[in-house]
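Reader: Hello! I would like a close look at one part of this protein, the surroundings of a single charged side chain, and then how that part sits among the rest. Could you walk me through it?

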Amino acid sequence: MLFQTLSVSAFVYLIDILGVIVFAISGALVAGRYRLDPFGVIVLASVTAVGGGTLRDVILGLPVFWTLNSEYIVVIVLTALCTIVLVRQPKLVPRRSLLVADAFGLVFFAVLGAQKALVYEHDFITAVIMGTITGVVGGMLRDIICNRIPLILQEEIYAVAAIVCATLYVGLIKIGLAEPLAGVVAIIVGLLLRLAGIYWKISLPAFHFDDDPQDSK
C-alpha cells in the first residue's frame, strides 16, 4: 500500500537526496583521513556526491542536474560541515563504516541513473550503463584524487552490485512493476550484494599471470 501511494517524483527525490548525503559523508570521511582542510573536505564530498550524475548527464546530453538546482550543493556543504563537527577523529572510523556509507550511495545512484535514462526513453542497456556510471564514478573520482586504488578496480564486488541493481530495476519496470516498488527491491538486492562482498570479502577472480622467467634474463 505504501508503494502504491508513494509518487514516482517523491521516490526519485528521496533516493536522490539520500544518495547525495551518504556519498557526501563518504567523501568527507575520506578527506578527514587525509587531514584535508574544510574547503578540501567540501570539495571531496562534492566530487563524490555529484561526480557520477554529472558524467551521466553529459553523456545523455542533458543539463547537469546540480546546475539546475542549488539545493544539491547546499545539502553537500551542510553534510560535509556536519561530518567535520560530529566526527572529530576520522582515522578512528572503521573502514567498514566508510564502505557501508559508500554502498548505500552506490545503490541509490544506480537506481537513480537508470531511472533518468528511462525517463528520456533510452533502451535497456543504456539505462543499465547510466545507472552503473551514476553509482560508481563519484567514488572512483574520490579515490583517484586521494591517490588510492578505486574500489571499482579492486577485487571486492562493487561495480557488479551497481550493474545488478540497475539491471533489476530496469527489468522490473519493463514487466510493469510500480517504479517505487521496483526501486526498493533493486536497492535492497544491490545493497545486500555489496554488503555481502564487504563482510565476507566476496570478490570476482582477479586476472593474474606470472611473468615468463625467461623475460627477466
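Author: Happy to! Let us start with arginine 142, which sits in helix α7. Please keep in mind that the model is predicted.

How exposed or buried is arginine 142? Its relative accessible area is 2%, and because the limit for buried is under 20%, arginine 142 counts as buried. Leaving aside residues up to four places away in sequence, arginine 142 touches Ser26, Gly27, Val30, Leu44, Val47, Thr48, Asp102, Arg148 and Leu151.

What does the side chain of arginine 142 pair with? One partner is aspartate 143, and the two side chains meet in a salt bridge with N to O at 3.0 Å. The pair also appears as a polar contact of 3.0 Å between the side chains. Aspartate 143 is buried as well, at a relative accessible area of 1%. The pairing is part of something wider: salt bridges that share partners join Asp102, Arg142, Asp143 and Arg148 into one network. Two members of that network, Asp102 and Arg148, are also in the contact list of arginine 142.

For your charge bookkeeping, the count of salt bridges comes to five. Another place to look is aspartate 57, which is buried with a relative accessible area of 0%. Its side chain meets that of arginine 56 in a salt bridge of 2.9 Å, N to O. Arginine 56 is itself buried, at 3% relative accessibility. Aspartate 57 also forms a salt bridge with lysine 116, where the closest N and O atoms are 3.0 Å apart. Aspartate 57 belongs to helix α3 and lysine 116 to helix α6, so this pair ties together parts that are 59 residues apart in sequence. Lysine 116 has a relative accessible area of 16% and is buried too.

Next, the nonpolar side of the picture. The largest nonpolar core has 61 residues, and among these Val111 and Tyr169 touch the most other members. Elements giving two or more residues to this core are α2 (8–33), α3 (38–60), α5, α6 (95–119), α7 (124–145), α8 (159–174) and α9 (179–200). Helix α6 gives the most, with twelve residues. The helix of arginine 142, α7, is thus among the elements that contribute to the core. As for valine 111, its contacts are Phe11, Ile15, Cys165, Tyr169, Gly183, Ala186 and Ile187, again not counting residues up to four places away in sequence.

Moving outward, Leu81, Ile84, Val85 and Leu86 make a nonpolar surface patch of about 360 Å². One of them, isoleucine 84, lies in helix α5, which covers residues 71–86. Isoleucine 84 is partly exposed, with a relative accessible area of 32%.

Finally, here are two backbone details that you may like to check. Arginine 35, in the loop between α2 and α3, has a phi near 55°, a positive value in a residue other than glycine. Unlike the buried arginine 142, arginine 35 is exposed, with a relative accessible area of 70%. Glutamate 121 is found in the loop between α6 and α7. Its phi is positive too, at about 65°, although glutamate 121 is not a glycine. At 74% relative accessibility, glutamate 121 counts as exposed.

Key: Residues are numbered from 1 along each chain as its sequence is written. This is a predicted model: local features need pLDDT of at least 70, side-chain atom pairs count only at pLDDT 80 or more; totals for chains, interfaces and linings use all residues. Side-chain values use heavy atoms; hydrogens and water are left out. Patches are made of residues with over 30% relative accessible area and no salt bridge: like charges are joined within 9 Å, nonpolar side chains (Val, Leu, Ile, Met, Phe, Trp, Tyr) within 5 Å. Accessible areas come from the Shrake-Rupley method with a 1.4 Å probe; for residues, only the protein chains shown count as cover. A salt bridge is a side-chain nitrogen of Lys or Arg within 4 Å of a carboxyl oxygen of Asp or Glu. Helices (H or I, at least four residues) and strands (E, at least two) are DSSP runs, numbered from the N terminus. Buried means under 20% relative accessible area, exposed over 50%, partly exposed in between (1.4 Å probe, protein chains only). A nonpolar core is a set of buried Ala, Val, Leu, Ile, Met, Phe, Trp, Tyr and Cys residues joined through side-chain atoms within 4.5 Å. Contact means heavy atoms within 4.5 Å. A polar contact is a pair of N or O atoms within 3.5 Å; within protein, one must be able to donate a hydrogen and the other to accept it, and residues adjacent in sequence count only if both atoms are side-chain atoms.
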